[in-house]
Amino acid sequence: MILFKYVIFVVTEILLISATPQNDRYLSIRDDELKFEAFSDKQVEWTNFKEVNSKTYDETEEIHRKSTFLDNLKKIEFHNYLYGKGHKSFKLKVNQFADLEHSEFVSLMNGYRFNRSFSYERSTFMEPMISYTLPSSIDWRNDGYVTEVKNQGSCGSCWAFSTTGALEGQHMRQSGKLVSLSEQNLVDCSSKWGNDGCGGGLMDNAFQYIKENGGLDTEETYPYRGFQGKCHFNKSNIGAEDVGFVDIRQGSEESLKQAVALVGPIAVGIDASHFSFQFYSTGVYVEKGCSSDELDHGVLAVGYGTDEKSQDYWIVKNSWASSWGEDGYIRMARNKENMCGIATSASFPLV
């Protein structure tokens, strides 16, 4: 009887495997005692990716890009398997970067560069000394302080988008008008202040440029091109100005929370060098491998809150288009030992 059951089991398994198309044969991956089986049709996934993202390659490059895509897809599917089992707090998804090797992606997209050779006069954010209660959650998008999600393209200009986001919020606070400001103005014109266009830069350096330059042009009059060119700043097209900038106490999430609640959207640097950040989809982002010191990406903290599972988070605006993450945003873990360095290098402009 036992032998008969074993024969039936083997025959059944053979029939199941034979009925599965070659491209769909599963890959088993073990994580401790977890077993993951991916059955997705890889050729269909690859074709869909190319169509959705308007990707075309020559014959040689297609082989390389498809191989990279399939490797990324396996990792995404495995991560989401763990998410479904309750072992991860966030999901991943295939996005426009799925044909890039991770090291290639980081060097292309992450352009936060701390330049110690430039030191400017700055103010320090002073927390109120009186007793008060901050709101349990805040989202400056709801109050009209945040422009639509933008797209830096294949240019390491994240620092410029972080800069404009912070100044757009402060200009709104001062004037009551939300004006989209020009990242291209910063990319083209702020090299003498320590920035390097698509090669990276720092938000404080950009704030200093805006101060000394007498303002920053609007997005409408100085549109984004995604590469560094000749400076075309025109003072008649200025959309906002600043008179300096304020740094928030390094490493203090409490100080950052107070600044976000009392001031508005804050420019922050983070460690975004991980595969999980590249393909983030939704949920509260917790990355054990994140550094609180080695920052490589400039973004904008526009609020904070707590989800239904009592997970505290920051609401962070990215500059990789609305197709990335949660419509262009990510919820990053808050009160979790300065996750990814979100409170390490935070600042905002004075207007």
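Which helix holds both Arg65 and Glu61, and how many residues apart are they? Keep that in mind as you open the viewer, and remember that this is a predicted model.

**Stop 1: Arg65 and its partners**

Select Arg65 and Glu61. Both lie in helix H3, four residues apart, which is about one turn of the helix. Their side chains form a salt bridge, with the closest N and O atoms 3.5 Å apart. Colour the two by accessibility: Arg65 counts as buried at 11% relative accessibility, while Glu61, at 31%, counts as partly exposed.

Now add Glu104 to the selection. Its side chain meets that of Arg65 in a salt bridge too, at 2.9 Å from N to O. This pair links distant parts of the chain, with Glu104 in helix H4 and Arg65 in helix H3, 39 residues apart. Glu104 counts as partly exposed, at 25% relative accessibility.

**Stop 2: Lys55 and Asp99**

Next, select Lys55 and Asp99, whose side chains meet in a salt bridge of 3.4 Å, N to O. Follow the chain to see what this pair links: Lys55 sits in the loop between helix H2 (42-52) and helix H3 (59-84), and Asp99 in the loop between strand E3 (90-92) and helix H4 (102-109), 44 residues apart. Is each partner buried or exposed, or partly so? Lys55 is partly exposed, with a relative accessible area of 24%, whereas Asp99 counts as buried at 3%.

Before you leave the salt bridges, select Lys150, Glu168, Glu183 and Glu219 together. These four are linked in a network of salt bridges. The whole structure has 11 salt bridges, so you can go looking for others later.

**Stop 3: helix H5**

Select residues 158-175, which make up helix H5. How far apart are the end C-alpha atoms of H5? They are 26 Å apart, and this agrees with the 26 Å that 18 residues should span at 1.5 Å a residue. Show the surface around the helix and you will find H5 mostly covered, with 15 of its 18 residues buried. Then step just past the end of H5 to Gly176, which takes a positive phi of about 80°.

**Stop 4: the disulfides**

Time to show the cysteines. How many disulfides does a search of the whole structure find? There are three, and counting bonded cysteines along the chain, they follow the pattern 1-3, 2-4, 5-6.

Begin with Cys155 and Cys198, joined with an S to S distance of 2.0 Å. The angle about the S-S bond is -95°, making this link left-handed. Cys155 lies in the loop between strand E5 (138-139) and helix H5, and Cys198 in the loop between helix H6 (183-189) and helix H7 (203-213), so the pair ties together parts 43 residues apart in sequence. Cys155 counts as buried at 1% relative accessibility, and Cys198 as partly exposed at 27%.

Move on to Cys189 and Cys231, also joined at 2.0 Å, S to S. Here the link is right-handed, with 100° about the S-S bond. Cys189 is in helix H6 and Cys231 in the loop between strand E6 (216-217) and strand E7 (238-240), distant parts of the chain that are 42 residues apart. Cys189 is buried, with a relative accessible area of 10%, and Cys231 is partly exposed, with 37%.

Finally, pick Cys290 and Cys340, a disulfide with an S to S distance of 2.0 Å. This link is right-handed, with 85° about the S-S bond. The pair ties together parts that are 50 residues apart: Cys290 is in the loop between strand E10 (280-285) and strand E11 (297-306), and Cys340 in the loop between strand E13 (329-333) and strand E14 (346-350). Both cysteines are buried.

One more cysteine deserves a click. Cys158 is in no disulfide, and the nearest cysteine sulfur, that of Cys155, is 9.0 Å away. Cys158 is buried, with a relative accessible area of 0%.

**Stop 5: a pocket**

End the tour by selecting Ser89, Val286, Glu287, Lys288 and Lys336. Of the 16 residues that line the second largest pocket, these are the closest to its centre. The pocket holds about 300 Å³ of space. What kinds of residue form its lining? Four are nonpolar, six are polar and six are charged.

Definitions and conventions. Residues numbered from 1 in each chain as written. Predicted model: local features only at pLDDT ≥ 70, side-chain atom pairs only at ≥ 80, totals over all residues. Heavy atoms only, no water. Disulfide = S-S within 2.5 Å. Helix = DSSP H or I, 4+ residues; strand = E, 2+ residues; numbered from the N terminus. Buried < 20%, exposed > 50% of the residue type's maximum accessible area, 1.4 Å probe, protein only. 1 Å grid on protein atoms, 1.4 Å probe; cavity = no way out; pocket = protein on both sides within 12 Å on 5 of 7 lines; lining within 4 Å. Points joined across faces, edges and corners; volume = space filled by probe spheres on them. Nonpolar A, V, L, I, M, F, W, Y, C, P; charged D, E, K, R; others polar. Expected span 1.5 Å × (residues − 1).
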